[in-house]
Amino acid sequence: MSFRPYVILSCAMSIDGYLDSAQPRRLAMSNAADLDRVDEIRAGVDAIMVGASTVRRDDPRLLVRDVTRRARRIAEGLPPSPVKVTVTESCDLPATSAFFTTGDVDRIVYCPRDRVRRLRARLGDRAIVVGPADRIAMPALLDDLATRGIRSLMVEGGGTVLTQFLAADLVDELQLVVAPFFVGEARAPRVVRPAVFPWTAAHRARLAETRQIGDVVLLRYALSERFGMPIAVRSPATGWAMARRVDAP
């Protein structure tokens, strides 16, 4: 039986817990130094995941930006950037978005079983479309990723996906960056939605690290016993590459 991927949940929020403002233009929560840190984490995982709403709203490329990091991956027999993963219930995904059109990497889209044919027709060869069940469950999604050789997954949002992973107790580590300002907009997206979470006042998450990065602060939480474990990165050329740690740089 395949082990589920090591899951890093990475996000940045305002002091009052918002991922963004309600305005059409994205509100930058982080700074250049922290974005470089996130790029290093991206370079060390097998796959990056965002929800469909993030694909539509933010149009992210989800690629490793630094040339040296891309070269390092290529030298290890890996593609220059990790596999891209998204999940959608509505299947409302624009085939022209940067998620599908940028980077020489595989893309996997999970959707309900009865919508697979329609989504495959829309996306063509831009992505692998998977419909494992009538509704998408994150444990089943992780199990499927494991069968595809994914041993580490970085989840970057949005709020619905973050909530689903956290509420299902599927996250090994949370990397939470706090920006030095408030948003204060009732319609702005929050980091998580209402849910029942494993960590409560009686069962507190373990804070493993705090770090100031310019004007933001990184809070790194250990959410499972696997926290910080070495992971094997899949190399198409040589099989499993040397295990590397998933510690934040």
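**Aromatic contacts, a helix and a hairpin**

A single aromatic pair turns up in the structure, which is a predicted model: the count is 1. The partners are phenylalanine 99 and phenylalanine 100, with ring centres 4.9 Å apart. Their planes sit at 75 degrees, and anything over 60 counts as edge-to-face, so that is the label for this pair. Phenylalanine 99 and phenylalanine 100 are both buried. Phenylalanine 99 also has a charged neighbour, as lysine 84 lies over the face of its ring, 5.7 Å from the ring centre.

A charge over a ring shows up at tyrosine 18 as well. Here the charged end of arginine 190 does the job, sitting 4.1 Å from the centre of the tyrosine 18 ring.

Turning to helix H1, this element takes in residues 32-43, 12 residues in total. From first C-alpha to last, H1 reaches 17 Å, close to the 16 Å expected at 1.5 Å a residue. At its start, asparagine 31 points a side-chain oxygen at the backbone nitrogen of alanine 33, coming to within 3.3 Å. The buried residues of H1 include some charged ones by name, Asp34, Arg37, Asp39 and Arg42, along with Val38, Ile41 and Ala43.

Then there is the hairpin. Strand E8 (residues 206-213) and strand E9 (residues 216-222) run antiparallel and are joined by 7 bridges. One of the residues with a bridge partner in E9 is leucine 207, which is matched with tyrosine 221. Between the two strands come 2 residues, and in this hairpin glycine 214 takes a positive phi near 65 degrees.

Technical notes. Residues numbered from 1 in each chain as written. Predicted model: local features only at pLDDT ≥ 70, side-chain atom pairs only at ≥ 80, totals over all residues. Heavy atoms only, no water. Helix = DSSP H or I, 4+ residues; strand = E, 2+ residues; numbered from the N terminus. Expected span 1.5 Å × (residues − 1). Buried < 20%, exposed > 50% of the residue type's maximum accessible area, 1.4 Å probe, protein only. Polar contact = N/O pair within 3.5 Å; in protein donor to acceptor, adjacent residues only side chain to side chain. Phe/Tyr/Trp six-rings, centres within 6.5 Å; stacked < 30°, edge-to-face > 60°. Lys NZ or Arg CZ within 6 Å of the ring centre and 35° of its normal. Pairing = 2+ DSSP bridges.
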